[in-house]
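Biologist: Could you take a close look at the ligand site for me, and then walk me outward to a few spots elsewhere in the chain? Keep it relaxed, but give me the numbers.

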Amino acid sequence: MTLRVEPSGQACGARIRGIDLSAPLSPDLMAEIRAAWLSHRVLAFPDQSSMDDDALERFTLAMGGFGEDPFFDPIDGRRNIAAILREADETSLLFAENWHSDWTFLERPPAGTCLLAVDIPPIGGDTLFANQIAAFAALSDERKAYLRTLTAVHSAKLAYAPEGTYGKNDTGRSMAIRPDESANKVEAHPLVQPHPETGEEALFSTLGYIIGIQGMEQAEAIALLSELTQWQTRDEFVYRHVWEPDMLVIWDNRSVLHKATGGYEGHRRELHRTTIKAWQGVAV
Ligand code: SIN
């Protein structure tokens, strides 16, 4: 089977046609999908009306297997699917409305994330993606050389610790977020990382999950990270993804940042999410 790949024309992202992801996924087909994913970083598969949670799990396994989801409860009857959910009358802070790459505070952050549309509002709720290979490539050689020397300190504490955004004061949320003291742990990762599958250098994650820079005064680190965040998320690096019913989207956490957007007040929004575990060095 040859996929039809339609690039978004923006900084990353492509639509993939000519495939039914509920049908058997052959190694050749998965190799084609993986090649398109590595090249476009975000893939949207429209018209997947037959894709259910079983098919979502099969697809995630074929992409490399399930990653860990530390602060979400799964949906009933599944161990590896979480619901990104907002009820029509919900007034809690929008989930994930800040730039991030998923779970970068883990020792081995996930390679990617899958989101399957369940209930898509008629307006709003777009997801934004920022291409971090393009953002790094556009820096001066001098700046690149400096950033390559830095090691970032990552933590989930601002979001998922009991005192964090989704902690004990976060009420009225329909999503099954489970804050925990373990969110206070820290993990170090180079600020600039070669993509494990393509070797392209990317800025890895951003302010939020990055809470400091090793060996740097905190005020200086936050100033640097804030300035860098402005750069990382410039319009020229961004793809705006507009959801459709029956659509699956997968993104590469090693090369893009993403964030949710609102604009669908009064409408329900639900997507089923799996994470793809860190690259093991071989295609599955
Ligand atoms: C996420 O960050 O997993 C959710 C993105 C979205 O709701 O658009």
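Modeller: Here is the ligand site, followed by some residues in other parts of the fold.

One thing up front: this is a predicted model, so read every distance below as a property of the prediction.

Let's start with who is around the ligand. The shell is made up of I84, A96, H100, T127, H258, A260, R269 and R273. Sorted by character, that gives three nonpolar residues, three polar ones and two charged ones. In terms of secondary structure, two strands stand out: β14, covering 256–260, and β15, covering 269–276, each contribute at least two residues to this shell.

Now for the polar contacts, which are probably what you would check before setting up any calculation. T127 has a polar side-chain atom 2.6 Å from an oxygen of the ligand. For H258, a polar side-chain atom sits 3.0 Å from a ligand oxygen. With H100, the separation between a side-chain N or O atom and an oxygen atom of the ligand is 3.4 Å. The protein covers 99% of the 260 Å² of accessible area that the ligand has on its own. The space that the ligand takes up is also the largest cavity.

Staying with β15 for a moment, follow the chain past its end. A278 is in the segment after that strand. A278 counts as buried because its relative accessible area is 12%, and the cut-off for buried is under 20%. There is a long-range neighbour to look at here too: P196 is 82 residues away from A278 along the chain, yet their C-alpha atoms are separated by 9.4 Å.

Next, the backbone. Two residues that are not glycines have a positive phi, and they are worth a glance if you care about torsions. R41 has a phi of about 75 degrees, and this residue sits in the loop between α1 (27–40) and β3 (42–45). R41 is buried, as its relative accessible area is 9%. The other is D246, with a phi of about 65 degrees. D246 belongs to the loop that links β12 (238–241) and β13 (248–252). At a relative accessible area of 35%, D246 is partly exposed.

Just before R41 you can look at helix α1 itself, where S39 is located. S39 is partly exposed, with 45% relative accessible area. Compare its position with L25: the two are 14 residues apart in sequence, and 20 Å separates their C-alpha atoms.

β12 also leads to another loop, the one between α6 (218–232) and that strand, and D235 is in it. T233 lies in that loop between α6 and β12 as well. What is the burial state of each? T233 is buried, since its relative accessibility is 16%, whereas D235 is exposed, at 72% relative accessible area. T233 also makes a polar contact: a polar atom of its side chain lies 2.8 Å from the backbone oxygen of T229. As for D235, its C-alpha is 39 Å from that of D76, and the two residues are 159 apart in sequence.

Last stop: helix α2, which runs over residues 53–62 and holds A55. A55 has 0% relative accessibility, so this residue counts as buried. Measuring across the model from C-alpha to C-alpha, A55 and F237 are 32 Å apart in space and 182 residues apart in sequence.

If you go back to the site with all that in mind, the picture to keep is the ligand contacted through oxygen by T127 at 2.6 Å and by H258 at 3.0 Å, with 99% of its own accessible area covered by protein.

Key. Residues are numbered from 1 along each chain as its sequence is written. This is a predicted model: local features need pLDDT of at least 70, side-chain atom pairs count only at pLDDT 80 or more; totals for chains, interfaces and linings use all residues. Side-chain values use heavy atoms; hydrogens and water are left out. A residue is near a molecule or strand if one of its heavy atoms lies within 4 Å of it. A polar contact is a pair of N or O atoms within 3.5 Å; within protein, one must be able to donate a hydrogen and the other to accept it, and residues adjacent in sequence count only if both atoms are side-chain atoms. Accessible areas come from the Shrake-Rupley method with a 1.4 Å probe; for residues, only the protein chains shown count as cover. On a 1 Å grid over the protein atoms alone, a cavity is a set of points where a 1.4 Å probe fits but cannot get out, and a pocket is an open set with protein on both sides within 12 Å along at least five of seven lines; lining residues have an atom within 4 Å of a point. A molecule sits in a cavity or pocket if more than half of its atoms lie within 2 Å of its grid points. Helices (H or I, at least four residues) and strands (E, at least two) are DSSP runs, numbered from the N terminus. Ala, Val, Leu, Ile, Met, Phe, Trp, Tyr, Cys and Pro count as nonpolar, Asp, Glu, Lys and Arg as charged, and the others, Gly among them, as polar. Buried means under 20% relative accessible area, exposed over 50%, partly exposed in between (1.4 Å probe, protein chains only).
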